[in-house]
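Visitor: Please show me the structure and take me through it in questions and answers.

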Amino acid sequence: MILQALYQLAQSEGLMADPDFEPKPVAWLVRVSREGQLLGIEGTHHIPAEEEGKKKPRPFPKVFDVPREGGRTSGDRAFFLCDKAEYALGIDPEKDVKKRRPAEKLANRFSLFRERVSQCLEVTQDEGIQAIHAFLEDVAADRQTVPLPAECASNDLFSFVFAPDLDLLVTERERVRSYWKSLRSQAPEGMGDTHCIVSGKLCVPEDLFPPVKRVPGGTTSGVALVSFNAGAFESYGWKGNQNAPISRDASEACATALNRLLHPAYHQGEHTLPRRNLRLSADTAVCFWSAQKREDDFASAFAGLLAADPNEVKDVYRAICR
(Lines give C-alpha, C1' and ligand atoms only; values in the text may rest on other atoms or scores of the structure.)
Protein backbone atom coordinates (compact mmCIF):
# COMPACT_ATOMS: atom_id res chain seq x y z
CA MET A 1 0.00 0.00 0.00
CA ILE A 2 1.36 3.39 -1.00
CA LEU A 3 0.47 5.00 2.36
CA GLN A 4 2.46 2.35 4.19
CA ALA A 5 5.44 3.00 1.89
CA LEU A 6 5.22 6.73 2.64
CA TYR A 7 4.98 5.97 6.36
CA GLN A 8 8.13 3.86 6.12
CA LEU A 9 9.92 6.61 4.18
CA ALA A 10 9.16 9.11 6.95
CA GLN A 11 10.68 6.72 9.49
CA SER A 12 13.76 5.78 7.44
CA GLU A 13 14.69 9.39 6.64
CA GLY A 14 14.03 10.58 10.17
CA LEU A 15 11.34 13.02 9.01
CA MET A 16 9.40 12.44 12.23
CA ALA A 17 12.35 12.52 14.62
CA ASP A 18 10.41 15.08 16.66
CA PRO A 19 6.75 14.43 15.79
CA ASP A 20 5.56 17.56 17.62
CA PHE A 21 7.53 19.97 15.42
CA GLU A 22 7.87 20.37 11.67
CA PRO A 23 10.14 22.39 9.35
CA LYS A 24 8.49 25.46 7.83
CA PRO A 25 9.84 28.54 6.03
CA VAL A 26 9.44 31.44 8.48
CA ALA A 27 9.88 34.67 6.55
CA TRP A 28 9.82 37.18 9.42
CA LEU A 29 10.97 37.21 13.03
CA VAL A 30 9.26 39.62 15.41
CA ARG A 31 11.82 40.55 18.08
CA VAL A 32 10.38 41.65 21.45
CA SER A 33 12.13 43.04 24.54
CA ARG A 34 11.72 41.88 28.13
CA GLU A 35 9.22 44.69 28.63
CA GLY A 36 7.13 43.60 25.66
CA GLN A 37 8.33 46.36 23.34
CA LEU A 38 8.74 45.73 19.62
CA LEU A 39 12.42 45.92 18.71
CA GLY A 40 11.95 45.19 15.04
CA ILE A 41 10.81 42.71 12.40
CA GLU A 42 13.68 40.92 10.66
CA GLY A 43 13.54 39.01 7.40
CA THR A 44 15.16 35.59 7.13
CA HIS A 45 15.45 35.48 3.33
CA HIS A 46 18.67 34.11 1.88
CA ILE A 47 20.00 32.58 -1.35
CA PRO A 48 20.06 28.77 -0.86
CA ALA A 49 22.78 26.63 -2.38
CA GLU A 50 20.49 25.30 -5.12
CA GLU A 51 19.95 28.87 -6.39
CA GLU A 52 23.61 29.89 -6.43
CA GLY A 53 25.05 30.32 -9.89
CA LYS A 54 21.71 31.14 -11.52
CA LYS A 55 21.30 34.39 -13.45
CA LYS A 56 18.48 35.50 -11.18
CA PRO A 57 18.78 33.58 -7.89
CA ARG A 58 15.65 33.72 -5.77
CA PRO A 59 15.87 34.38 -2.04
CA PHE A 60 13.91 31.99 0.17
CA PRO A 61 12.86 32.26 3.84
CA LYS A 62 14.92 30.28 6.34
CA VAL A 63 13.39 27.02 7.52
CA PHE A 64 12.72 26.62 11.25
CA ASP A 65 11.25 23.79 13.30
CA VAL A 66 7.90 25.12 14.50
CA PRO A 67 4.95 23.51 16.33
CA ARG A 68 3.29 20.94 14.11
CA GLU A 69 -0.29 21.86 13.26
CA GLY A 70 -2.93 20.26 11.07
CA GLY A 71 -4.46 21.99 8.08
CA ARG A 72 -6.82 24.91 8.22
CA THR A 73 -10.37 24.52 6.95
CA SER A 74 -12.73 27.29 5.87
CA GLY A 75 -13.18 28.42 9.49
CA ASP A 76 -10.83 30.70 11.40
CA ARG A 77 -8.10 28.91 13.36
CA ALA A 78 -4.88 30.38 14.74
CA PHE A 79 -1.64 28.42 14.78
CA PHE A 80 0.54 28.42 17.87
CA LEU A 81 3.06 31.31 17.79
CA CYS A 82 3.79 30.92 14.07
CA ASP A 83 1.26 32.20 11.58
CA LYS A 84 0.41 34.68 8.86
CA ALA A 85 0.32 38.41 9.67
CA GLU A 86 -3.48 38.54 9.80
CA TYR A 87 -3.42 36.06 12.71
CA ALA A 88 -0.09 36.83 14.40
CA LEU A 89 -0.46 40.63 14.26
CA GLY A 90 -4.02 41.31 13.18
CA ILE A 91 -2.80 43.00 9.99
CA ASP A 92 -3.55 42.16 6.37
CA PRO A 93 -0.45 42.79 4.21
CA GLU A 94 -2.54 42.96 1.03
CA LYS A 95 -1.41 46.02 -0.91
CA ASP A 96 -4.79 46.59 -2.58
CA VAL A 97 -7.00 48.18 0.07
CA LYS A 98 -10.14 46.91 -1.65
CA LYS A 99 -8.97 43.29 -1.32
CA ARG A 100 -8.05 43.43 2.37
CA ARG A 101 -9.90 41.39 4.98
CA PRO A 102 -12.66 43.20 6.87
CA ALA A 103 -11.53 44.72 10.18
CA GLU A 104 -13.89 42.44 12.12
CA LYS A 105 -12.35 39.36 10.48
CA LEU A 106 -8.82 40.47 11.32
CA ALA A 107 -9.80 41.31 14.91
CA ASN A 108 -11.28 37.84 15.38
CA ARG A 109 -8.22 36.09 13.95
CA PHE A 110 -5.87 38.19 16.06
CA SER A 111 -7.97 37.39 19.13
CA LEU A 112 -7.70 33.66 18.44
CA PHE A 113 -3.91 33.95 18.16
CA ARG A 114 -3.63 35.91 21.41
CA GLU A 115 -5.88 33.42 23.19
CA ARG A 116 -3.43 30.60 22.45
CA VAL A 117 -0.56 32.72 23.77
CA SER A 118 -2.56 33.49 26.93
CA GLN A 119 -3.24 29.80 27.52
CA CYS A 120 0.47 29.02 27.20
CA LEU A 121 1.39 31.82 29.62
CA GLU A 122 -1.13 30.62 32.18
CA VAL A 123 0.45 27.16 32.24
CA THR A 124 4.16 27.94 31.77
CA GLN A 125 4.65 31.40 33.32
CA ASP A 126 7.55 31.64 30.89
CA GLU A 127 9.14 35.11 30.75
CA GLY A 128 9.52 34.96 26.97
CA ILE A 129 5.83 34.20 26.55
CA GLN A 130 5.07 36.96 29.08
CA ALA A 131 6.91 39.46 26.88
CA ILE A 132 5.15 38.27 23.69
CA HIS A 133 1.79 38.36 25.47
CA ALA A 134 2.36 41.92 26.69
CA PHE A 135 3.38 43.01 23.19
CA LEU A 136 0.33 41.45 21.53
CA GLU A 137 -2.05 42.97 24.08
CA ASP A 138 -0.46 46.38 23.46
CA VAL A 139 -0.99 45.98 19.73
CA ALA A 140 -4.62 44.95 20.27
CA ALA A 141 -5.17 48.06 22.45
CA ASP A 142 -3.36 50.36 19.95
CA ARG A 143 -0.62 51.12 22.48
CA GLN A 144 1.97 49.87 19.98
CA THR A 145 1.92 49.99 16.19
CA VAL A 146 3.51 47.40 13.93
CA PRO A 147 4.94 48.55 10.59
CA LEU A 148 4.95 45.52 8.30
CA PRO A 149 7.92 45.15 5.93
CA ALA A 150 7.03 46.53 2.50
CA GLU A 151 7.90 43.24 0.78
CA CYS A 152 5.76 41.13 3.11
CA ALA A 153 3.43 38.72 1.28
CA SER A 154 0.01 37.58 2.49
CA ASN A 155 1.14 33.97 3.01
CA ASP A 156 4.44 34.79 4.76
CA LEU A 157 4.84 33.22 8.18
CA PHE A 158 5.74 35.26 11.27
CA SER A 159 7.26 33.91 14.45
CA PHE A 160 8.58 35.55 17.61
CA VAL A 161 11.95 35.96 19.30
CA PHE A 162 12.43 36.99 22.93
CA ALA A 163 15.34 39.43 22.64
CA PRO A 164 17.60 37.88 25.36
CA ASP A 165 17.45 34.58 23.44
CA LEU A 166 19.19 36.15 20.41
CA ASP A 167 18.05 33.99 17.45
CA LEU A 168 16.05 31.33 19.31
CA LEU A 169 12.35 31.16 18.47
CA VAL A 170 10.16 31.54 21.54
CA THR A 171 8.68 28.12 20.72
CA GLU A 172 12.15 26.63 21.26
CA ARG A 173 12.28 27.74 24.88
CA GLU A 174 12.25 24.72 27.18
CA ARG A 175 8.99 25.45 29.00
CA VAL A 176 7.19 26.35 25.79
CA ARG A 177 8.39 23.17 24.04
CA SER A 178 7.26 21.08 27.02
CA TYR A 179 3.89 22.84 27.02
CA TRP A 180 3.35 22.15 23.33
CA LYS A 181 4.38 18.51 23.68
CA SER A 182 1.98 18.08 26.59
CA LEU A 183 -0.88 19.44 24.47
CA ARG A 184 -0.03 17.07 21.65
CA SER A 185 0.22 14.08 23.99
CA GLN A 186 -3.32 14.49 25.26
CA ALA A 187 -5.17 11.57 23.73
CA PRO A 188 -8.65 12.03 22.25
CA GLU A 189 -11.58 10.81 24.32
CA GLY A 190 -11.60 7.02 24.41
CA MET A 191 -8.72 4.64 23.83
CA GLY A 192 -9.76 3.84 20.29
CA ASP A 193 -10.97 0.48 19.02
CA THR A 194 -10.18 0.92 15.33
CA HIS A 195 -7.03 -0.26 13.62
CA CYS A 196 -5.12 2.34 11.61
CA ILE A 197 -4.94 1.14 8.00
CA VAL A 198 -1.35 2.39 7.74
CA SER A 199 0.37 1.35 10.99
CA GLY A 200 -2.02 -1.38 12.10
CA LYS A 201 -2.15 0.09 15.62
CA LEU A 202 -5.34 0.78 17.56
CA CYS A 203 -6.25 4.43 17.23
CA VAL A 204 -8.84 7.17 17.29
CA PRO A 205 -8.99 8.11 13.57
CA GLU A 206 -8.00 11.63 12.58
CA ASP A 207 -10.79 13.79 11.22
CA LEU A 208 -8.50 15.90 9.03
CA PHE A 209 -5.52 14.72 6.97
CA PRO A 210 -2.63 17.24 6.99
CA PRO A 211 -2.40 19.19 3.72
CA VAL A 212 0.08 18.18 1.04
CA LYS A 213 1.64 21.17 -0.70
CA ARG A 214 3.07 21.64 -4.20
CA VAL A 215 0.57 19.23 -5.73
CA PRO A 216 0.22 20.27 -9.39
CA GLY A 217 -3.14 21.96 -9.83
CA GLY A 218 -3.70 22.20 -6.07
CA THR A 219 -4.03 25.28 -3.91
CA THR A 220 -1.07 26.97 -2.20
CA SER A 221 -2.51 25.99 1.19
CA GLY A 222 -2.29 22.31 0.26
CA VAL A 223 -4.45 19.37 -0.76
CA ALA A 224 -5.98 16.76 1.54
CA LEU A 225 -4.74 13.33 0.48
CA VAL A 226 -7.61 11.46 2.14
CA SER A 227 -11.04 13.06 2.01
CA PHE A 228 -14.60 11.80 2.41
CA ASN A 229 -16.56 15.00 1.89
CA ALA A 230 -19.51 13.54 0.00
CA GLY A 231 -21.90 10.65 0.54
CA ALA A 232 -20.74 8.97 -2.67
CA PHE A 233 -17.36 8.30 -1.05
CA GLU A 234 -18.82 6.57 2.01
CA SER A 235 -19.66 2.88 2.46
CA TYR A 236 -21.38 0.48 4.87
CA GLY A 237 -22.91 3.28 6.92
CA TRP A 238 -19.57 4.72 7.99
CA LYS A 239 -19.21 8.47 8.16
CA GLY A 240 -16.29 10.62 6.99
CA ASN A 241 -12.81 9.24 7.61
CA GLN A 242 -14.22 6.17 9.39
CA ASN A 243 -14.14 4.77 5.85
CA ALA A 244 -10.34 4.83 5.96
CA PRO A 245 -9.28 5.15 9.60
CA ILE A 246 -5.80 6.65 9.90
CA SER A 247 -4.13 7.64 13.16
CA ARG A 248 -2.67 11.09 13.75
CA ASP A 249 0.83 9.62 13.83
CA ALA A 250 0.40 7.90 10.46
CA SER A 251 -1.41 10.76 8.73
CA GLU A 252 1.26 13.26 9.78
CA ALA A 253 4.05 10.91 8.72
CA CYS A 254 2.50 10.25 5.29
CA ALA A 255 1.82 13.94 4.67
CA THR A 256 5.35 14.87 5.78
CA ALA A 257 6.83 12.23 3.47
CA LEU A 258 4.81 13.52 0.51
CA ASN A 259 5.69 17.13 1.26
CA ARG A 260 9.35 16.07 1.37
CA LEU A 261 9.04 14.25 -1.98
CA LEU A 262 7.32 17.17 -3.71
CA HIS A 263 9.70 19.80 -2.35
CA PRO A 264 12.55 20.82 -4.69
CA ALA A 265 15.00 21.19 -1.77
CA TYR A 266 13.61 19.81 1.48
CA HIS A 267 15.53 20.99 4.54
CA GLN A 268 16.25 18.68 7.45
CA GLY A 269 18.13 20.63 10.08
CA GLU A 270 21.20 22.08 8.40
CA HIS A 271 21.02 19.60 5.52
CA THR A 272 19.12 19.62 2.23
CA LEU A 273 17.76 16.23 1.19
CA PRO A 274 18.18 15.05 -2.42
CA ARG A 275 15.40 15.92 -4.84
CA ARG A 276 12.86 13.14 -5.32
CA ASN A 277 10.41 14.47 -7.92
CA LEU A 278 10.05 15.33 -11.58
CA ARG A 279 7.48 17.70 -13.06
CA LEU A 280 6.10 16.10 -16.22
CA SER A 281 3.51 18.73 -17.09
CA ALA A 282 1.47 21.55 -15.59
CA ASP A 283 -0.77 19.06 -13.77
CA THR A 284 1.47 16.02 -13.29
CA ALA A 285 4.45 15.30 -11.06
CA VAL A 286 6.25 12.02 -10.42
CA CYS A 287 7.72 11.25 -7.00
CA PHE A 288 10.23 8.46 -6.47
CA TRP A 289 12.27 7.05 -3.61
CA SER A 290 14.07 3.91 -2.56
CA ALA A 291 12.79 1.40 -0.04
CA GLN A 292 16.36 0.58 1.06
CA LYS A 293 19.12 3.00 2.03
CA ARG A 294 21.61 1.19 -0.19
CA GLU A 295 19.56 2.24 -3.24
CA ASP A 296 19.67 5.96 -2.41
CA ASP A 297 22.56 6.63 -4.79
CA PHE A 298 20.59 5.33 -7.74
CA ALA A 299 17.50 7.30 -6.66
CA SER A 300 19.63 10.44 -6.55
CA ALA A 301 20.81 9.79 -10.11
CA PHE A 302 17.35 8.86 -11.39
CA ALA A 303 16.23 12.45 -12.00
CA GLY A 304 19.39 13.13 -13.98
CA LEU A 305 18.80 10.05 -16.13
CA LEU A 306 15.28 11.12 -17.06
CA ALA A 307 16.49 14.65 -17.73
CA ALA A 308 19.12 13.19 -20.07
CA ASP A 309 21.96 14.75 -18.12
CA PRO A 310 25.09 13.28 -19.79
CA ASN A 311 27.18 13.41 -16.63
CA GLU A 312 24.53 11.61 -14.57
CA VAL A 313 24.11 8.93 -17.25
CA LYS A 314 27.88 8.44 -17.46
CA ASP A 315 28.18 8.05 -13.69
CA VAL A 316 25.42 5.43 -13.56
CA TYR A 317 26.98 3.35 -16.36
CA ARG A 318 30.36 3.52 -14.64
CA ALA A 319 28.71 2.46 -11.38
CA ILE A 320 27.56 -0.76 -13.09
CA CYS A 321 31.15 -1.54 -14.08
CA ARG A 322 32.43 -0.77 -10.61
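What follows is a short set of questions and answers on this model.

Guide: This is a predicted model, in which local features need pLDDT of at least 70 and side-chain atom pairs count only at pLDDT 80 or more, while totals for chains, interfaces and linings use all residues. Residues are numbered from 1 along each chain as its sequence is written, and side-chain values use heavy atoms, with hydrogens and water left out.

Visitor: How many helices and strands are there in the protein?
Guide: Helices (H or I, at least four residues) and strands (E, at least two) are DSSP runs, numbered from the N terminus. On that basis the protein has 8 helices and 14 strands.

Visitor: What is the radius of gyration of the protein?
Guide: The radius is taken over C-alpha atoms, and the globule rule is 2.2 Å times the number of residues to the power 0.38. For 322 residues, a compact globule would come out near 20 Å. The value for the protein agrees with that: 22 Å.

Visitor: In what order do the 4 strands of the open sheet stand?
Guide: Two strands pair if DSSP finds at least two bridges between them. β2 (residues 28-32) and β3 (residues 38-43) pair in the antiparallel sense over 5 bridges, whereas β2 and β6 (residues 157-162) pair in the parallel sense, also over 5 bridges. β5 and β6 are antiparallel over 3 bridges. The pairing is thus mixed, and the order is β3-β2-β6-β5.

Visitor: Which strands stand at the edges of the sheet?
Guide: An edge strand here has a single partner strand, so one side of it is left without a neighbour in the sheet. The two strands in that position are β3 and β5 (82-84).

Visitor: Which residue of β6 is the bridge partner of Leu29?
Guide: Leu29 is in β2, and that strand pairs with β6. On the β5 side, Cys82 stands opposite Ser159 in β6. The bridge partner of Leu29 in β6 is Ser159.

Visitor: How many residues of β2 are buried?
Guide: Buried means under 20% relative accessible area, exposed over 50%, and partly exposed in between (1.4 Å probe, protein chains only). In a regular strand the side chains alternate between the two faces of the sheet. In β2, Trp28, Val30 and Val32 are buried on one side, and Leu29 and Arg31 on the other. The count is 5 of 5.

Visitor: At what angle do the axes of α3 and α5 cross?
Guide: Axes are lines fitted to C-alpha atoms, for helices over the stretch in contact, and angles run from 0 to 180 degrees between N-to-C directions. The axes of α3 (residues 103-124) and α5 (residues 174-185) come within 10 Å. Angles under 35 degrees count as roughly parallel, over 145 as roughly antiparallel, 65 to 115 as roughly perpendicular and the rest as oblique. The two helices are roughly perpendicular, crossing at roughly 110 degrees.

Visitor: Which residues of α5 make the contact with α3?
Guide: Contact means heavy atoms within 4.5 Å. From α3 the contact takes Arg116, Gln119, Cys120, Val123 and Thr124. From α5 come Arg175, Val176, Tyr179 and Trp180.

Visitor: Is Cys287 buried, partly exposed or exposed?
Guide: Cys287 lies in strand β14 (residues 284-287). Leaving aside neighbours within four places in sequence, Cys287 is in contact with Leu261, Leu262, Arg276 and Asn277. The relative accessibility of Cys287 is 24%, so this residue counts as partly exposed.
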